[in-house]
Amino acid sequence: MNETQFWTFFFIILTFGIYITIAWRSRVKETKEFYVASQGVPTLANGAAVAADWMSAASFIGMAGLIAFLGSDGSVYLMGWTGGYVLLALLLAPYLRKWGKFTVPEFVGDRYSESVRIVAAIAAIVVSFTYVVGQMAGGGIVFSRFLGLSVEWGVVLVAVVIFIYAVLGGMKGITYTQVAQYTVLIIAYLIPAFAVAYQTTGIPVPQISYGQILAELDSLSVEFGLNEFTEAFSGRAGGQIDVFLVTLSLMLGTAGLPHVIIRFYTTKTVRGARYSAFWALFFISLLYLTAPAVGAFTKLNLLQGVQGQGPDSLPDWINTWAPTGLVTVNEDVETIGTVSNLATSGADLIVNNDILVLASPEIGGLPAPIVGLMAAGGMAAAMSTAAGLLLVISSAASHDLYFRVFKKTGASEKEQMMVGRIAMGVAILFAIWAGINPPAFVAQVVAFAFGLAAATFFPILILGIFWKKANGPGATAGMLTGLAFTGTYMIYTLEVFGTGANDHLFNVSPEGIGAIGAAINFIVIVVVSKLTAPPSEHVQEMVEDIRYPQTRKANVRS
């Protein structure tokens with residue numbers, strides 16, 4: 001065992017022990033504790049849990065890597081994910097918390113109809129499952145590189161640990177585990193970022209100092225056959241339109257993600273939901289304002305390290321990552337002349353997006369303890385989001401489908417808990433298989449989930465709160481149309497079907513198609529609602545009621 005593996009084992013065993021201990025001390029026996037932590041989570045803790053739930057493997061592992069290769073166009077992830085959070089905090093979270101139910105499908109079931117609840121539950125499972133695939137893949141990458149395990153066994157180990165603490169503690173255990181995970185991931189992200197910034201520029205504030213290296217980075221990028229880091233609209237095949245659509249899709253999808261929305265049901269009051277949103281945005285900004293700097297510094301160090309080097313004299317980090325299959329070197333060239341992140345590019349050096357953040361301490365020449373801490377941070381990011389997603393899948397399958405559709409005669413607390421845990425176990429098994437065979441980069445897979453959420457949930461939630469005449473038939477037709485349109489296009493663009501960037505219809509990427517799917521959903525809901533009977537007066541009164549904080553609590557059906 002080398003020094004890096006020792007420190008990686010140390011930090012991962014330490015953090016895993018903390019997570020499981022918290023889950024054991026928070027184990028639950030009632031459905032209200034399992035799904036919404038008895039609505040008793042303090043505001044600050046809920047804000048940290050929301051941030052951890054939010055900052056998945058895509059944010060921690062994938063985002064800076066995409067920014068490194070996409071350059072300024074990588075800002076779509078920053079703008080889309082943070083902008084969407086603002087939409088969620090202002091337009092959805094307080095109102096849904098006042099409605100007072102456990103899940104998003106439960107809200108739409110009360111607001112529209114039971115048929116809409118079924119469609120929403122199925123959509124929640126599809127969206128959450130797509131999202132969790134990215135987390136499993138990210139966890140597998142960490143274990144593959146730092147512990148010498150295969151990616152397959154890395155994914156299995158991640159799944160086992162998540163299953164233990166999610167099943168034991170439900171939302172209560174997940175919440176306090178996520179507080180610990182946020183602490184781990186933000187420390188792991190910031191320490192290397194500050195160290196590399198100081199080492200490169202002499203200024204230990206990466207958010208400020210990385211501006212000094214951009215001219216050199218642009219020059220090196222062109223030398224190695226890449227786009228300039230600062231050149232706008234050059235990193236995406238669809239150009240400016242696709243950048244706009246991807247940003248909008250991520251924003252709308254962010255505001256409609258079930259696993260984030262459910263977080264606001266766990267606070268004690270509606271006011272607590274608002275303050276949780278503030279604290280979460282603060283915690284999120286610590287990482288998101290640092291990601292562009294991490295991408296820039298890591299790319300600069302990478303290109304400087306291989307400049308003028310032949311395959312036999314490359315930096316040590318390339319040799320340590322090569323066995324994972326995520327770094328490929330052309331041994332038939334005298335010196336490395338081209339660098340790319342795409343396996344199909346034919347470049348002399350191919351570096352997968354998803355390793356740049358995890359490898360950044362090694363690329364920057366930082367000591368082994370920091371490398372091990374970064375690995376633990378990557379695991380914390382992957383597991384924090386995966387746990388929340390699995391809980392959504394569990395609640396949708398058991399609470400919104402099984403006990404609302406298949407068993408309407410009622411069930412004991414014990415039976416409900418059992419079905420919820422079985423559903424989570426089944427979801428884990430499918431997530432393991434998909435995590436071992438992900439269809440794209442981690443951040444891209446997650447972007448697919450956001451696009452699906454944008455095309456299904458955002459329109460019915462917004463119209464359900466702010467338009468009293470939106471009805472069940474309209475919501476059902478809109479969700480099905482948006483989901484079918486967006487999902488079909490995403491599947492069509494997967495490389496397994498032989499399509500690529502040049503085959504995208506009208507240059508719209510699969511990450512951006514969710515915005516068009518959301519627009520179609522809106523139009524279908526409005527048209528169908530206009531052509532069919534309006535909701536009952538009772539439902540319209542409830543909708544009116546939740547928009548005003550000082551009025552009586554909406555008398556929704558249980």
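Glu114 is partly exposed, because its relative accessibility is 34%. This is a predicted model, and I will start with the charged pairs. Glu114 shares a salt bridge with Arg117, at 3.0 Å from N to O. Is Arg117 buried or exposed? Arg117 counts as buried, because its relative accessibility is 0% and the cut-off for buried is under 20%. Both residues sit in helix α7, which covers residues 114-146, and they are three residues apart, about one turn of the helix.

How many salt bridges does the model have by this rule? The count is two. The other pair I have is Glu544 with Lys468, where the closest N and O atoms are 3.5 Å apart. This pair links distant parts of the chain: Glu544 belongs to helix α22 (residues 537-546), Lys468 to the loop between α19 (442-466) and α20 (472-493), and 76 residues separate them. Glu544 has a relative accessible area of 28%, so it is partly exposed. Lys468 is partly exposed as well, because its relative accessibility is 30%.

Next, another acidic residue, Asp242. Asp242 is located in helix α11, residues 239-255. With 2% relative accessibility, Asp242 is classed as buried. What does Asp242 touch, not counting residues up to four places away in sequence? Its partners are Arg236, Asn507, Val508 and Ser509.

Now the overall numbers. The protein contains 22 helices and three strands. Of its 558 residues, 62% are buried. The accessible surface is about 20,400 Å², and carbon and sulfur atoms account for 64% of that. If we take contacts between residues at least 6 apart in sequence, 81% of them join residues at least 24 apart.

On to the interior. The largest nonpolar core has 173 residues. Those with the most contacts inside this core are Phe60, Trp81, Trp321, Val339, Leu349, Phe457 and Leu461. Which helix gives the most to this core? That is helix α17, residues 368-406, with 20 residues.

Take Phe457 from that list. Leaving out its neighbours within four places in sequence, Phe457 contacts Val104, Ala120, Ala123, Ala124, Val127, Gly256, Pro258 and Met479. One of these, Val104, is a buried residue of helix α6. Helix α6 spans residues 104-111, and eight of its eight residues are buried, so this helix is largely enclosed by the rest of the structure. The buried set in α6 is not just nonpolar in name: among its members are Glu106, Asp110 and Arg111, alongside Phe107 and Val108.

Now the surface. There is a nonpolar patch of about 560 Å², made by Leu44, Tyr275, Phe278, Trp279, Phe282 and Leu286. Helix α13, residues 270-288, supplies the largest share of this patch, five residues. Tyr275 lies in helix α13. Its relative accessibility is 40%, so Tyr275 counts as partly exposed.

Some of these residues come back in the aromatic analysis. Ring pairs join Tyr182, Phe278, Trp279, Phe282 and Phe283 into a cluster. Of these, Phe278, Trp279 and Phe282 are also in the surface patch.

How many aromatic pairs are there by this rule? The count comes to 17. I will show two of the pairs. Phe10 and Phe11 are edge-to-face, with 5.3 Å from centre to centre and 75 degrees between the planes. Phe10 has a relative accessible area of 41%, so it is partly exposed, whereas Phe11 has 17% and is therefore buried.

Tyr489 and Tyr492 make a tilted pair, at 6.1 Å centre to centre with 45 degrees between the planes. Both tyrosines lie in helix α20, three residues apart, about one turn of the helix. Tyr489 is buried because its relative accessible area is 7%. Tyr492, at 35% relative accessibility, counts as partly exposed.

To recap on the charged pairs: Glu114 with Arg117 lies inside helix α7, while Glu544 with Lys468 links distant parts of the chain.

Terms used. Residues are numbered from 1 along each chain as its sequence is written. This is a predicted model: local features need pLDDT of at least 70, side-chain atom pairs count only at pLDDT 80 or more; totals for chains, interfaces and linings use all residues. Side-chain values use heavy atoms; hydrogens and water are left out. A nonpolar core is a set of buried Ala, Val, Leu, Ile, Met, Phe, Trp, Tyr and Cys residues joined through side-chain atoms within 4.5 Å. Buried means under 20% relative accessible area, exposed over 50%, partly exposed in between (1.4 Å probe, protein chains only). Helices (H or I, at least four residues) and strands (E, at least two) are DSSP runs, numbered from the N terminus. Contact means heavy atoms within 4.5 Å. Patches are made of residues with over 30% relative accessible area and no salt bridge: like charges are joined within 9 Å, nonpolar side chains (Val, Leu, Ile, Met, Phe, Trp, Tyr) within 5 Å. Accessible areas come from the Shrake-Rupley method with a 1.4 Å probe; for residues, only the protein chains shown count as cover. A salt bridge is a side-chain nitrogen of Lys or Arg within 4 Å of a carboxyl oxygen of Asp or Glu. Rings of Phe, Tyr and Trp (its six-membered ring) pair if their centres lie within 6.5 Å; planes under 30 degrees apart count as stacked, over 60 as edge-to-face and the rest as tilted.
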